[in-house]
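Here are my notebook entries from a first look around. I kept them short, so follow along in the viewer.

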Amino acid sequence: MAESTSPTVIHRADYTPPAFLIDTVALDFDLAAERTTVKSTLRMRRNPEVAPAAQLELAGEQLEFVSAALNGKPHHAVQVHEHGLTLGELPGTFELTLTGHCHPAQNTTLSGLYVSSGNFFTQCEAEGFRRITWFLDRPDVMSIYTVTLRADKTAYPVLLSNGNLLEAGDLPDGRHFARWEDPFRKPSYLFALVAGKLVALEERVRSRSGAEKLLQVWVEPHDLDKTRHAMDSLIHAIQWDETRYGLELDLERFMIVAVSDFNMGAMENKGLNIFNTKYVLANPETATDTDFANIEAVVGHEYFHNWTGNRVTCRDWFQLSLKEGLTVFRDQEFSADMAGGEHNPAARATKRIEDVRVLRQMQFAEDAGPMAHPVRPESYAEINNFYTMTVYEKGAEVVRMYQTLFGRAGFRRGMDLYFQRHDGQAVSCDDFRQAMADANQRDLTQFERWYSQSGTPRVNVSTHYDAAQQRYSVTLAQRPGRPLAAPAAAEPLLIPFALGLIDANGADLPLRLSGEPHAAADTTRVLELTETEQTFVFEGITALPRPSLLRNFSAPVIVAYDYSADDLAFLLAHDSDPFNRWEAGQRLATRALLTLAEAAACGAPLHLDERFTAAFTQVLNDTSLSPAFRELALMLPSETYLAEQMTESNPAAVHQARQFVRRHLAQALQHEWGATYELNRTPGAYRATPEAAGQRALKNLALSYLAELDDPAEALRLAQAQYAAADNMTDRAAALATLISIAASSSNGNGNSEASAALDDFYRRFENEPLVIDKWFALQATQRGRAGRPVLEIVRTLMSHPAFNLKNPNRARSLIFSFCAANPAQFHAEDGSGYAFWAEQVIALDALNPQVAARLARSLELWRRFTPVLRDGMRAALEQVATQVRSRDVKEIVEKALS
Ligand code: B3K
Ligand code: ZN
């Protein structure tokens, strides 16, 4: 039944420090799947900096209360309620012992203590610890933890928790125990335990100071052959953090554990990272190049949290970007260094391009909808809803801007000062900014606005060339991101705007601003835009140049400049900034595709500007560019991104336009695609290097274009051969996708039997590899519709496949999310069938796992921007969900969408 109340909203401005502190925590677990007993002994005292409170409020959820003791004696001034305990009659310093039960086997939320494949796991961030025992479950309460685990030895031979192992041994009745101590103070969200039948790949390494460290990657026994890459990634991450930031691993051992039921990617619990199997397990047969790269990035990310997040943590959850934005920035730099090293700008650029593509497609969209919020949000109903693209990805861009302004050395000085000041503390985004400011002797007051203003700022650029004076002026005018939300309140930001000027031969011009004695050595200049509008005048410009704007995407803004198609083609061919070469191609493609989509929307005939095809051909044939770069440059903007750029989003029209261009390019470049395919084969043993991965990506892009030809016989032959001969998942999955696509586009059933034979083979081959079966579901959910058979029908059939399981988030994402969020043309069917399906699934997931349900709920949030028919259908579905869900998580999302 519907609950009528809206969730309570928490405001950043209401922060108050805790009235009590917890110095030490001793946890004692008797693990049993149905009912686990947890005894928690807390050494507590009143916070001397806060006025004394009459009562102590401890958070607790879904717990069964057994007893409370104060200094060893039963305590009766305790009220047990739905959200925890209220305790009275407390002295200044005391020991509180609380005993209770939780129910791991029934826990489908995957928050707190739960069971997956018969093993125990925990997930505490953000507020899962209160589902294990009663606590001051907030990040500014930091304590030393000692944990004793007891369990049946046969069922749970491995018992792990944070920190160092103190002792372990046998107990009567076939049970055993292990006792762990974490020597570092930490907030409750970083607590973890794991128990079960697991095995580990182990390595011993020496850290910089010479100390020996034990590294372990724990998995289920049949997955041990898929742990090498995660271990290598961990070793690289440890070395990288020492070299780049002077940060050393501070524990004797560091463990990663893989679990197949997990709400997100991974979790940085101190010394005991728990990972979704998707970000640990890989070998060439089961994992794609993208999987390999993602594993390296996520292993790095969680490891880097050991300093940025764990040693220095967040004062409250509004400061989440303090650790997330910073740690994403660190993992992005780590991946760029791994891909190309410090001195390979082209290889670094491919990583930058991939990150910016995600930012633009996902974070810009978030900023344009009802969930828009600043990097440091002002309020929330459910904190789990704020692990967002804005907090993570825009947060990382904000951190990157410090480095753009101060250089690597200046950024490092700021980091050093930050740790010097705040190691062991729970702090705020302001503290980080202050450390950057002080270390670089800069006033960063204005920079604070990046943390408090939501929306994507726009920078309008206009240029003027004065031939007589040989002067070129560039005027930058910034506009706040959300014109409807009190534009007057938005004050100008400090925007680092990197720019270059290019001459008619494609060479960078020396840059000298008015008033400067000579040109700077660097031909890229970081202009600091601090006013609403500023003009920068460059002297000694002897002929009209072309501007290369916002090089390397130096700030998370939208740049509006009236480039001609010729300018863009020129920049695509010549810009020395590899990011902006890609950017020029994207602008060109976006412009062409949007024109076509608007035409398709009103049924007008479609024509493609030949200059586009010519520019595209030049990139494809330019073998001086790396295959990885060419693949990125030749990939058309996604349908989702394009639909968002339309006056009224029309996914069907976008699909039609994009397919028109793909078919056109397939035909026009038929010969080149064939040659590209052959030239980029990677014979010999599989290697996951960026170069080899780039070749496979370009080859498979070529294959996908060949499949768009009117006669796809050659593509069919190549795809079948590639599928059969593949020694790696990248090539096998790409071949399968191509076979599915050929079958979908044929009007006479051509390729149908080949596609279904390959799908069957794929399933049989990988039946026992859940992560590969996820790919099998996802490939089918994201396929193009066939005449007379909408993809939704296929998805509904797959929902009753024996391998489908709504309770497993990876599986739910592979089928349901793939369809609702990654197949726009099919999902947004005019009859509203996609929306009805979405509503059913959000409601079903809401009862099992609110965090996963809330993520799915977000796929309709931009509903107001669509064409009227679609808008009405989406609103109806949202209203239906709003009346039927119970969780705070989903309610917050749908209420914001409808308000
Ligand atoms: N800190 C975790 C995310 C926790 C999400 C809680 N809903 C993983 C990460 O960002 O590294
Ligand atoms: Zn993180």
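Which residue follows helix 9, and is its phi positive or negative? I found G603 there, with a positive phi near 70 degrees.

A note on ground rules: this is a predicted model, where local features need pLDDT of at least 70, side-chain atom pairs count only at pLDDT 80 or more, and totals for chains, interfaces and linings use all residues. Residues are numbered from 1 along each chain as its sequence is written, chains are lettered from A and ligands numbered from 1 in the order in which they are written, and side-chain values use heavy atoms, leaving out hydrogens and water.

**Helix 9.** I looked up its extent: residues 578-601, 24 in number (helices are DSSP runs of H or I, at least four residues, and strands are runs of E, at least two, numbered from the N terminus). From first C-alpha to last, helix 9 reaches 34 Å, close to the 34 Å expected at 1.5 Å a residue (1.5 Å times one less than the number of residues). I then checked its cover: 19 of the 24 residues are buried (under 20% relative accessible area, 1.4 Å probe, protein chains only).

**Ligand 1.** I listed 14 residues around the ligand (a heavy atom within 4 Å). Among them, E125, E268, E302, N384 and Y392 come nearest. By class, I noted 5 nonpolar, 4 polar and 5 charged residues.

**Its oxygen atoms.** I found one 3.1 Å from a side-chain N or O atom of H301. For E302, the side-chain N or O atom is 2.8 Å from a ligand 1 oxygen. A polar side-chain atom of E324 lies 2.9 Å from an oxygen of ligand 1.

Definitions and conventions:
Polar contact = N/O pair within 3.5 Å; in protein donor to acceptor, adjacent residues only side chain to side chain. Nonpolar A, V, L, I, M, F, W, Y, C, P; charged D, E, K, R; others polar. Buried < 20%, exposed > 50% of the residue type's maximum accessible area, 1.4 Å probe, protein only.
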